[in-house]
Amino acid sequence: RHPEAVLVSWCPCNRRLLKGVEFVVPRTGFYCKLCGLFYTSEEMAKMSHCRSAVHYRNLQKYLSQLAKEGLMETEGAGSPRPEDSGIVPHFERKKL
């Protein structure tokens, strides 16, 4: 085969060939912003994940961080930052 023929077969204008369809997947479910984990079942997300040690540790770290930030604000050492508006960091992920 000629090398140009290979390049043409990958051209986006060749609509008959479907390449990489395995990377297109539906995403519907429940996401823990604290842990950065995604669940397809509400029951798994809430009943299993929210009882896990990883989630509990991340919750403790988050609450500790909020307490420190609140203390800094009351002491005048810091001011609210715009990037802190509701963004929760991902501390630790459950090892699969």
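Trainee: Before we start, what counts as a contact here?
Mentor: Contact means heavy atoms sitting within a set distance of each other. This is a predicted model, by the way. The cut-off for that distance is 4.5 Å.

Trainee: Okay, so what share of the contacts with a separation of 6 or more comes from residues 24 or more positions apart?
Mentor: Take the contacts in the protein whose partners have a separation of 6 or more. Then pick out those between residues 24 or more positions apart. Their share is 48%.

Trainee: What pattern do the helices and strands follow along the sequence?
Mentor: You've got three helices and two strands to place. Read along the sequence, they give α-β-β-α-α.

Trainee: Which residues make up the largest nonpolar core?
Mentor: Buried residues are 16% of the 96 in the protein. The largest nonpolar core has seven residues, and one of them is Y39. Beyond its neighbours within four places in sequence, Y39 touches G29, F30, M44, A45 and H49. The full core is C32, L34, C35, L37, Y39, A45 and V54.

Trainee: Is L66 buried, partly exposed or exposed?
Mentor: L66 belongs to helix α3, residues 53-74. Its relative accessibility is 38%. Buried means under 20% and exposed means over 50%, so at 38% L66 counts as partly exposed.

Trainee: How much accessible area does the nonpolar patch with L66 have together?
Mentor: For the whole protein, about 8,300 Å² is exposed, with carbon and sulfur atoms supplying 60% of it. On that surface, L66 joins L59 and L63 in a nonpolar patch. Together, the three leucines have about 230 Å².

Methods: Residues are numbered from 1 along each chain as its sequence is written. This is a predicted model: local features need pLDDT of at least 70, side-chain atom pairs count only at pLDDT 80 or more; totals for chains, interfaces and linings use all residues. Side-chain values use heavy atoms; hydrogens and water are left out. Patches are made of residues with over 30% relative accessible area and no salt bridge: like charges are joined within 9 Å, nonpolar side chains (Val, Leu, Ile, Met, Phe, Trp, Tyr) within 5 Å. Accessible areas come from the Shrake-Rupley method with a 1.4 Å probe; for residues, only the protein chains shown count as cover. A salt bridge is a side-chain nitrogen of Lys or Arg within 4 Å of a carboxyl oxygen of Asp or Glu. Helices (H or I, at least four residues) and strands (E, at least two) are DSSP runs, numbered from the N terminus. Buried means under 20% relative accessible area, exposed over 50%, partly exposed in between (1.4 Å probe, protein chains only). A nonpolar core is a set of buried Ala, Val, Leu, Ile, Met, Phe, Trp, Tyr and Cys residues joined through side-chain atoms within 4.5 Å.
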